[in-house]
Amino acid sequence: MDKSSHGYEGGRLNLPFVGISTFAKRPYVEDWSRIDADVAVMGAPFDFGTQFRAGARFGPRGVREASTLFSFGHAGAYDHEDDCTYLPESVRIVDIGDADIVHTDTATSHANIRKGVEAILAAKAFPVVIGGDHSINIPCIEAFEGQGDIHILQIDAHLDFVDERHGVRVGHGSPLRRAAEKSYVTGMTQVGIRNVSSTAREGYEAARSMGSDILSVRQMRKLGAEGVINRIPEGARVYVTLDIDGFCPSIAPGTGTPSHGGFLYYEVLEMLQALARRHEVVGIDLVEVAPAYDSGEVTSILAAQVLLNFLGFVFHERQKG
């Protein structure tokens, strides 16, 4: 292969620790009316919905900085196991910055997040939203109103199906309940749910009655990655919401509510690859990375690596099609 095809023979080397930390060091687009890309990444640095340790407001910065590790070269990422080059230059990724967060004002902050996702969808780009706590999924799903039916794949330690607590309906324990109430959300697959949960028994019963398929880590391991994804109805358009506490805290300690017994890296990666092969994927949010609790930045690096691999899978399948 011609070495010059890698882009290493001319121009700046542009090492990961040089320059400004946009996502994967991709171009920054400040004007949301001028998004022209296949993928648009937006930060949602909101953590007012937490019930325990705050700090996920710094998740977008942490994940962006970690993502620079994977910014080498210009010819995509070759995977020798798949014998495939993912994310070639033809997949255009931009970073549109963060939704504006107004301190103590959940309604305005969520509305600003929704506007960002709506701008991405209006540009026909694939939305990637980096949280923030899991309540930011609520405006993300609201932005899909009028975009057709979607099925949600949630990877998480917690069911997040609380209806209301002391008048609060939009905390980080409620997003999947709010999603299930949408007419265009036709079902949910909730994987990794385990141990002591923030949702009471009646929440589980309500989730199942509203169309949820709930699987623990151990149940997922018995089924395998393909078996889990095969449970999603054929032809469904799928939105992914990935809480970093779905992973075992031994590899993802940097989160507000760690829960032992979680997934390892390849278990999640294989589910995401199987999803991309079998379904049209319409977007993803990744939430609850809290860098202040992160040892050696391993959680932020994990989050960035999962997002980039998943984008590689999604656009490889689209280009094949």
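Which residue of β8 does Met-188 stand opposite? Met-188 faces Ser-212 in that strand, and this pair is a good place to start a tour.

First, some ground rules. This is a predicted model, in which local features need pLDDT of at least 70, side-chain atom pairs count only at pLDDT 80 or more, and totals for chains, interfaces and linings use all residues. Residues are numbered from 1 along each chain as its sequence is written, and side-chain values use heavy atoms, with hydrogens and water left out. Helices (H or I, at least four residues) and strands (E, at least two) are DSSP runs, numbered from the N terminus.

**The sheet**

Eight strands form an open sheet with parallel pairing, in the order β4-β1-β5-β10-β9-β6-β7-β8. Its edge strands, β4 and β8, each pair on one side only; two strands pair if DSSP finds at least two bridges between them. On average, neighbouring strands are turned by 15 degrees against each other, direction ignored. Four bridges join β7 to β8, and these two run parallel.

Two helices that pack on this sheet are listed here, with contact meaning heavy atoms within 4.5 Å. Axes are lines fitted to C-alpha atoms, for helices over the stretch in contact, and angles run from 0 to 180 degrees between N-to-C directions.

| Helix | Strands touched | Angle of directions |
|---|---|---|
| α2 (residues 106-122) | β1, β4 and β5 | about 180 degrees with β1 |
| α5 | β7 and β8 | about 130 degrees with β8 |

**A closer look at α5**

In α5 (residues 201-209), the buried residues (under 20% relative accessible area, 1.4 Å probe, protein chains only) are Gly-203, Tyr-204, Ala-206 and Ala-207. They lie on the same side of α5 because they cover an arc of only 165 degrees around the axis, taken from the directions from the helix axis to the C-beta atoms. The face turned away from them carries Arg-201, Glu-202 and Ser-209, which are exposed, meaning over 50%. Covering the buried residues are, among others, α4, β7 and β8. Just after the helix, Gly-211 takes a positive phi of about 105 degrees.

**The cores**

A nonpolar core is a set of buried Ala, Val, Leu, Ile, Met, Phe, Trp, Tyr and Cys residues joined through side-chain atoms within 4.5 Å. The largest has 55 residues, of which Val-39, Phe-126, Val-240, Met-271 and Leu-275 touch the most other members. Helix α8 (residues 298-320) gives the most to this core, with 11 residues. A second, separate core of 40 residues includes Tyr-204, one of the buried residues of α5.
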